[in-house]
Amino acid sequence: MAPFQIRRYQDQDWSTVRAIFAKGMIQLAVVNFRHLLKQPGTFLLLLGGPGALYLFSGSSLLSLLALLGLLAILWLAARHPFSHYINHALHTDMWDIRASYVNDRGSCFWVAESGGQVVGLVCARPAQGMLVGPNYAELLRLSVRPEHRGQGIAKTLTQTVLQFAREKGYDGVILVTASLNYPARRLYESLGFWKFHEAPYSPKWSLKTFSLIYYRYDLPHSS
Ligand SMILES: CC(C)(COP(=O)(O)OP(=O)(O)OC[C@H]1O[C@@H](n2cnc3c(N)ncnc32)[C@H](O)[C@@H]1OP(=O)(O)O)[C@@H](O)C(=O)NCCC(=O)NCCS
């Protein structure tokens, strides 16, 4: 495995970091879909709907089409919250990264580079209206290319944010993740983040299959 290094974002990283972020997030849609398929209600729907159709019509082709149609609808429903989130990010802070993270002293954007290639990213900015005091940084957009995972890159990127928050005099760092994102939750908890809030994720037109977990890391004040 090639070693990696962390450096600040540069303008030529723009399309790569956006692609890594979007790919990492859309993978969570697959996790959400699997989670949805394991729900008893989903099981009943997939079995009952096409089954009833078969009993009434006697057509196995029709019931197979109904099953495929239901699966497609469930996939779109599982994907929706993540595609919505990605679209929003790509058209706001991830559109003008320089303005959002580079020009502001309290914000920053880092990439992990390996073999001359950007393989991961993370950023930090002042937390706004996120259930904590005013002097917290928010960690966001953490993502690592699938083929470079398991090498400690996300851990180092997160530690970079903690160090930045320390240097900038923040009281701590907060972040939000999906309850079903177990790799990320394990990473944050192993670094000392603790869950302080949980809220159902329920935007319009979305199934309530997961919640949002709020984590924080409080930095000790040097006196
Ligand atoms: C979550 C993610 C950032 C982890 O990146 P990574 O570089 O593979 O993570 P690291 O190698 O630094 O792992 C550090 C720790 O995280 C946890 N972890 C990482 N991947 C894990 C997995 N698949 N299963 C369980 N724990 C995992 C472990 O505690 C690990 O420590 P260990 O190796 O000593 O057990 C990566 O899987 C990713 O990009 N996922 C998609 C985007 C995403 O979910 N981002 C977080 C949004 S809040």
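## Helix H1 and its buried face

Which residues are buried in H1? In this predicted model, the buried positions of H1 are Val17, Ile20, Phe21, Gly24, Met25, Leu28, Ala29 and Asn32. If you trace them in the structure, you can see what they meet: they pack against helix H3 (60-91), strand E2 (108-114), strand E3 (117-126), E4 and strand E5 (172-178). H1 itself has 24 residues, and from its first C-alpha to its last it reaches 36 Å, close to the 34 Å expected at 1.5 Å a residue.

Ala22 also belongs to helix H1. Is Ala22 buried, partly exposed or exposed? A residue needs 20 or more other C-beta atoms within 10 Å to count as buried. Ala22 has 19 of them, so it is partly exposed. Leaving out residues up to four places away in sequence, Ala22 touches Ile86 and Leu90. Phe43 makes a useful landmark here: 21 residues separate it from Ala22 along the chain, and their C-alpha atoms are separated by 30 Å.

## The overall layout

Stepping back, the protein has six helices and seven strands. Reading from the N terminus, the elements come in the order β-α-α-α-α-β-β-β-α-β-α-β-β. The C-alpha trace spans about 75 × 40 × 30 Å along its principal axes.

The protein has 223 residues, and buried residues make up 28% of them. Now consider the contacts between residues at least 6 apart in sequence: 65% of these join residues at least 24 apart.

## Two domains

The protein is divided into domain 1 (4-11 + 94-218) and domain 2 (26-89). How far apart do the C-alpha centres of the two domains lie? The distance between the centres of domain 1 and domain 2 is 31 Å.

Where the domains meet, 11 residues of domain 1 are in contact with 10 residues of domain 2. On the domain 1 side, the residues that touch domain 2 comprise eight nonpolar and three polar residues, with no charged ones.

## The nonpolar core

In soluble globular proteins, nonpolar side chains tend to be buried together. Here, the largest nonpolar core has 51 residues, and Leu139, Val161 and Val173 have the most contacts inside it. H5 gives the largest share of this core, seven residues. At least three core residues come from each of domain 1 and domain 2.

Leu139 is a good place to start looking. Setting aside residues up to four places away in sequence, Leu139 touches Val122, Ala124, Thr158, Val161, Val173 and Leu175. Val161 and Val173 thus appear both as partners of Leu139 and among the residues with the most contacts inside the core.

## Around the ligand

Which residues are closest to the ligand? They are Gly24, Arg149, Ala154, Pro183 and Leu187, out of 21 residues that surround it. Four elements give two or more residues to this shell: helix H1 (14-37), strand E4 (136-144), helix H5 (153-167) and helix H6 (182-190). The largest share, six residues, comes from H6.

By class, the shell holds nine nonpolar, nine polar and three charged residues. Gly24 links two parts of this report, being one of the residues closest to the ligand and one of the buried residues of H1.

## Two loop residues that meet H1

Thr209 sits in the loop between strand E6 (194-200) and strand E7 (211-218). With 19 other C-beta atoms within 10 Å, Thr209 is partly exposed. Its contacts beyond four places in sequence are with Asn32, His35 and Leu36. Thr209 and Asn32 are 177 residues apart in sequence, yet their C-alpha atoms are 7.4 Å apart in space.

Leu180 lies in another loop, the one between E5 and H6. Leu180 is partly exposed, with 16 other C-beta atoms within 10 Å. Its contacts, apart from neighbours within four places in sequence, are Val31, Asn32, His35 and Phe210. Leu180 and His35 are 145 residues apart in sequence and 8.3 Å apart from C-alpha to C-alpha.

## An unusual backbone angle

Most residues other than glycine have a negative phi. Arg141 is not a glycine, but its phi is positive, at about 65°. You will find Arg141 in strand E4. Is Arg141 buried or exposed? Arg141 is buried, because 22 other C-beta atoms lie within 10 Å.

Conventions
Residues numbered from 1 in each chain as written. Predicted model: local features only at pLDDT ≥ 70, side-chain atom pairs only at ≥ 80, totals over all residues. Buried ≥ 20, exposed ≤ 12 C-beta atoms within 10 Å, placed from the backbone. Contact = placed C-beta atoms within 7 Å. Near = placed C-beta within 6 Å. Nonpolar A, V, L, I, M, F, W, Y, C, P; charged D, E, K, R; others polar. Core = buried A, V, L, I, M, F, W, Y, C linked by C-beta atoms within 7 Å. Domains from an automatic or database assignment. Expected span 1.5 Å × (residues − 1).
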